[in-house]
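Work through the three exercises below with the structure open. Each task is followed by a stepwise solution.

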Amino acid sequence: MSIPTLLDHVVIAGPDLAGLVDWFAERTGVIAAPGGAHPTGTANALVALTVDGQRGPQYIELIGPNPERPEPELPATFGISTLESPSVQAYAVHPADIEATVAAARAGGYDPGDVSDLSRRTPDGTLLEWRLTRGESRRLDVPFLIDWGTTPQPGLSDIPSIELVSLERTEPDPAPLQAVLGAFGLGDGVAEVVAGPEAGFRLTLRRADGELVEV
């Protein structure tokens with residue numbers, strides 16, 4: 001088991017945000033803090049991550065449809081419109097130079113998409129802004145890149161936390177995805193890809209009582 005050294009956040013998505021928060025609390029004993037709403041019709045709740053007991057710039061984002069969105073359709077972001085239950089859908093990494101990493105990936109044969117701006121408002125009305133890669137054809141098995149600029153990283157804010165033990169990607173045949181990740185040139189900054197019967201993410205957390213939980 002391993003932790004990506006450049007991990008920024010893990011995305012757990014679901015078709016209903018309140019239900020997703022309850023689901024996470026039942027498994028981990030941690031109630032996620034309200035995050036805010038996005039222009040994409042989604043809203044989120046957040047849990048900070050500790051590594052070896054220390055807070056760092058990592059967190060879990062629980063994301064689902066914004067209950068106050070004007071459109072009745074479920075948003076397509078992170079595959080939410082196709083989900084029937086909560087799922088670890090993606091993760092983000094924060095390279096030192098996001099543009100240089102995009103260029104390196106393209107030179108290596110994988111295009112992560114252009115760097116674009118995104119934002120959300122916190123419950124108190126504060127506008128948070130950041131930059132990330134989110135091309136139309138973004139693959140969820142490949143991390144997206146993020147740069148918070150001058151915005152405080154949410155994992156360091158005053159929110160509940162839980163210990164991160166491991167984040168891995170399982171694949172029946174790891175080689176193709178390993179080749180794509182190698183194009184980024186980030187080494188162990190990205191999640192390790194290991195052999196497994198089904199493709200998906202394996203996120204392992206440690207509850208306050210010491211019990212390990214896989215979500």
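**Exercise 1.** Leaving aside neighbours within four places in sequence, find which residues Ser85 is in contact with, and place Ser85 in the predicted model.

Solution.
- Beyond those sequence neighbours, Ser85 makes contact with Ala13, Gly14 and Pro15.
- Ser85 belongs to the loop that lies between β4 (54-65) and β5.
- The relative accessibility of Ser85 is 41%. Buried requires under 20% and exposed over 50%, so Ser85 counts as partly exposed.
- Trp23 is 62 residues away from Ser85 along the chain, and their C-alpha atoms are separated by 9.4 Å.

**Exercise 2.** Determine which strands pair with β5, and in which sense, parallel or antiparallel.

Solution.
- Strand β1 (residues 7-13) runs antiparallel to β5, and six bridges join the two. Within this pairing, Ile12 has Val88 of β5 as its bridge partner.
- Strand β8 (residues 144-147) pairs with β5 in the parallel sense, over two bridges. Here Phe144 of β8 stands opposite Ala92.
- As for accessibility, β5 (residues 87-93) is mostly covered, with six of its seven residues buried.

**Exercise 3.** Which residues of helix α3 (residues 175-182) are buried, and what do they pack against?

Solution.
- The buried residues in α3 include Leu177, Val180 and Leu181.
- These residues cover an arc of only 95 degrees around the axis, so they sit on the same side of α3.
- An α-helix has 3.6 residues a turn, so residues three or four places apart point the same way.
- Ala179 and Gly182, on the other side of α3, are exposed.
- The buried residues of α3 pack against β9 (161-171) and β10 (192-195).

Conventions. Residues numbered from 1 in each chain as written. Predicted model: local features only at pLDDT ≥ 70, side-chain atom pairs only at ≥ 80, totals over all residues. Heavy atoms only, no water. Buried < 20%, exposed > 50% of the residue type's maximum accessible area, 1.4 Å probe, protein only. Helix = DSSP H or I, 4+ residues; strand = E, 2+ residues; numbered from the N terminus. Pairing = 2+ DSSP bridges. Arc of directions from axis to C-beta. Contact = heavy atoms within 4.5 Å.
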